[in-house]
Amino acid sequence: MNVHEQERLFALHQLNLLDTPPSESFDRITRMASQLFGLPIAAVSLTDENRQWFKSRVGVKHWEIPRDKAPCAEVSDSSGVVVISDLLASSCYHDSHLAKMGIRFYAGAPLRTRDGHTLGAMCVLGEEPRQVTDQETATLQDMAAMVMDQIELQHAFGRVDPLTGLANRNQFDEDLQDLARDLPGARRVVLFTEVVDAGELSALHRSMGAAFLDELARVSARCLKRTIGTEATLYHLGGCQFVHLVTEEGEAALLEEALRLRGALLALESARAVPVLVRPTLGIAPFQLGEATADILRSAHGACVDARQAHAGAGVFSKTLDARFQRRFSLLADFGQALEAEDQLSLVFQPRVCQRSRQCLGAEALLRWRHPTLGEVSPSEFIPLIERTPMARPLTEWVMRQAIHQTAHWHRQGHSLRVSMNVSASNLEEEDFAERLLDEMVGASLPHGAIELELTESALIGQGQAALGQLERLIEAGVRIAIDDFGTGYSSLSYLHEIPAHVVKVDRCFISELGENPRTETLVKSMITMAHDLGYSVVAEGVENAHAHQLLGSMACDEIQGYYIARPLTPVAFEDWLAR
Ligand code: C2E
Ligand code: MG
Ligand code: MG
């Protein structure tokens with residue numbers, strides 16, 4: 001092979017065009033050529049080493065024909081227009097592959113790159129001998145130029161990653177769309193390879209610099225490409241993330257393939273081609289052609305992240321795991337609206353009664369959320385999510401306002417109840433938290449002693465000085481503080497005396513075991529005694545039966561709360577319950 005041909009082939013292969021799926025942007029031009037010439041066959045034909053491969057074609061079924069005695073090859077070799085009015089009359093082509101297929105007429109214009117390589121031909125073919133006019137020749141050349149524009153556009157215009165020379169995310173998107181047009185609904189699997197995760201990547205960036213990361217991406221790309229072979233196109237999404245498609249096989253086979261790729265990347269490290277600890281991880285996500293690219297990539301990336309967290313080399317996308325994630329995402333995204341809406345959030349009140357007299361002393365305010373599409377969502381599901389976001393403030397603010405107004409209303413009716421509300425650790429970090437609470441109570445003409453704040457042990461213990469200041473300010477004003485879920489957090493009674501609080505609420509997990517487990521009984525008894533010795537009043541949460549109620553009586557527990565007394569009730573139901 002001469003040097004010129006070598007360079008030509010190199011230029012062709014660099015474009016990553018061969019054996020790619022058909023693409024509408026080329027098919028459009030081919031259809032036009034066939035129509036303009038009134039001929040049944042037109043093609044964008046690329047001259048590979050031993051074949052003519054059709055990037056686009058109308059009127060022919062196959063994708064390629066041998067290069068030998070193909071008129072398109074003559075176009076490539078000569079870099080000029082080739083017209084064969086009658087193949088059967090041509091000494092060169094009368095016994096060619098095309099002639100045997102019944103083709104009589106051929107006209108092809110060269111697909112020339114800017115640097116002078118001819119990649120192949122834009123050609124039209126017919127089953128009858130034919131002449132071409134000068135104008136037709138010019139048209140064919142124009143169309144060849146359009147094809148080249150398209151090729152250059154694809155190559156240069158944001159479809160190839162300049163670092164690795166691999167197709168990028170845009171190309172992936174486009175190829176998926178083309179594939180979906182060809183095989184709508186067919187099943188495929190995307191393999192998502194992450195050589196280094198985002199966290200490690202930024203650490204490496206700091207310690208080793210950007211050039212190092214570029215090299216890491218290049219080395220990984222070469223290694224993956226070699227391991228995958230020519231079967232599939234490898235795409236570089238950015239950073240050290242790559243994807244490629246495979247056809248659907250069993251899960252075991254897919255995992256095996258993923259681990260094979262991972263093995264190849266790990267071998268790089270031991271071969272010192274990569275002088276850092278890489279933890280390549282692969283995510284596998286089956287999908288249907290036609291699904292949105294963003295969803296496909298999200299699933300595959302999700303599988304990869306899950307696998308990394310589980311310290312597995314590869315993982316398959318799981319619908320259930322994803323559904324949980326999606327649900328969490330919806331809850332977070334929709335809570336802001338819930339705060340604005342009139343009918344999504346509400347408070348219910350669960351009575352707290354004196355253990356001995358069973359007289360109602362107060363109630364715990366508990367938040368309820370009826371999500372417009374998901375229905376009732378439990379606070380134990382959404383609160384831990386919201387608590388970690390800036391929405392913790394408006395959430396508690398909402399509860400605070402409602403609880404205070406409801407309590408004030410009951411006070412006006414002559415029920416001097418104490419209502420407790422749950423507060424998140426982060427609320428204490430709000431500088432004006434105590435101020436706002438006290439102002440709200442003054443505004444509602446409610447005595448400060450009518451509100452109790454429930455905080456968990458960990459929320460109380462993990463606090464800095466500022467938060468403790470807020471607590472002291474509230475206590476001074478007469479607000480009561482309860483330690484919620486006592487026994488489940490630090491669980492160390494020795495911390496108790498350091499916590500500024502009035503009430504200990506023994507967690508429901510201990511109470512529900514009363515009467516079943518003698519050790520728990522001993523534990524609850526000593527918790528109550530110790531709390532009393534330190535001057536706290538004790539509430540038992542989650543009392544579900546008479547037996548627990550009785551046992552707690554023998555332990556001198558002060559208050560009880562639980563389904564045995566009443567479930568959390570709407571304000572109206574609570575008033576009915578009180579009346580009885
Ligand atoms: P918590 O503060 O410990 O509230 C007690 C939970 O136990 C409530 O669940 C209540 O309905 C439930 N419960 C009461 N008695 C019984 C019983 O006898 N048996 C059983 N099995 N359960 C009983 P809920 O309402 O689902 O609230 C769960 C948690 O969500 C609360 O635990 C609290 O930590 C949090 N939460 C609820 N409302 C708010 C709120 O307004 N703000 C904040 N920050 N957290 C809240
Ligand atoms: Mg509580
Ligand atoms: Mg509790």
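How are helix 7 and helix 8 oriented to each other? They are oblique, and the first legend below shows how this comes about. Please keep in mind that every view here is taken from a predicted model.

**View 1. Helix 7 packs against helix 8.** Helix 7 (residues 198-208) meets helix 8 at an angle of about 130°, and their axes are 7 Å apart. Angles under 35 degrees count as roughly parallel, over 145 as roughly antiparallel and 65 to 115 as roughly perpendicular, with the rest called oblique; the two helices are therefore oblique to each other. On the helix 7 side, the contact is made by Leu 201, Leu 204, His 205 and Met 208. Helix 8 contributes Ala 210, Phe 212, Leu 213 and Leu 216. Sorted by type, the residues of this contact are seven nonpolar, one polar and no charged.

**View 2. An open sheet is built from six strands.** Follow the strands in the order 7-9-10-8-11-12, and you will find that the pairing is mixed. Strand 7 (167-168) and strand 12 (314-316) stand at the edges with a single partner strand each, so one side of each has no neighbour in the sheet. Strand 11 (residues 281-288) and strand 12 run parallel and are joined by three bridges. For a closer look at this pair, find Gly 283, whose bridge partner in strand 12 is Gly 315.

**View 3. Helices 8 and 10 meet the strands.** Helix 10 (residues 293-309) packs on the sheet and touches strand 8, strand 9, strand 10, strand 11 and strand 12. The direction of helix 10 makes about 145° with that of strand 11. Helix 8 (residues 210-228) lies across strand 8 (187-194), strand 9 (235-238) and strand 10 (241-247), and runs at about 10° to strand 10.

**View 4. Four residues hold the magnesium ion (ligand 2).** Its protein donors are Glu 364 (OE), Asn 422 (OD1), Glu 454 (OE) and Asp 484 (OD), at 2.0 to 2.2 Å from the ion. Along the chain, the donors follow the spacing E-x57-N-x31-E-x29-D. Glu 364 belongs to strand 14 (residues 360-371) and Asp 484 to strand 18 (residues 480-486), so this pair ties together parts that are 120 residues apart in sequence. Both Glu 364 and Asp 484 are buried. Asp 484 also bridges to the magnesium ion (ligand 3), with the two ions 4.0 Å apart.

**View 5. Helix 3 and the residue after it.** In helix 3 (residues 71-78), the buried residues include Pro 71, Cys 72, Ala 73, Val 75 and Ser 76. Just past the helix, look for Ser 79, which takes a positive phi of about 55°.

Notes
Residues numbered from 1 in each chain as written. Chains lettered and ligands numbered in written order. Predicted model: local features only at pLDDT ≥ 70, side-chain atom pairs only at ≥ 80, totals over all residues. Heavy atoms only, no water. Donors = N, O, S within 2.8 Å, 3.2 Å for Na, K, Ca; no water. Helix = DSSP H or I, 4+ residues; strand = E, 2+ residues; numbered from the N terminus. Buried < 20%, exposed > 50% of the residue type's maximum accessible area, 1.4 Å probe, protein only. Pairing = 2+ DSSP bridges. Contact = heavy atoms within 4.5 Å. Axes fitted to C-alpha atoms, helices over the stretch in contact; angles between N-to-C directions. Nonpolar A, V, L, I, M, F, W, Y, C, P; charged D, E, K, R; others polar.
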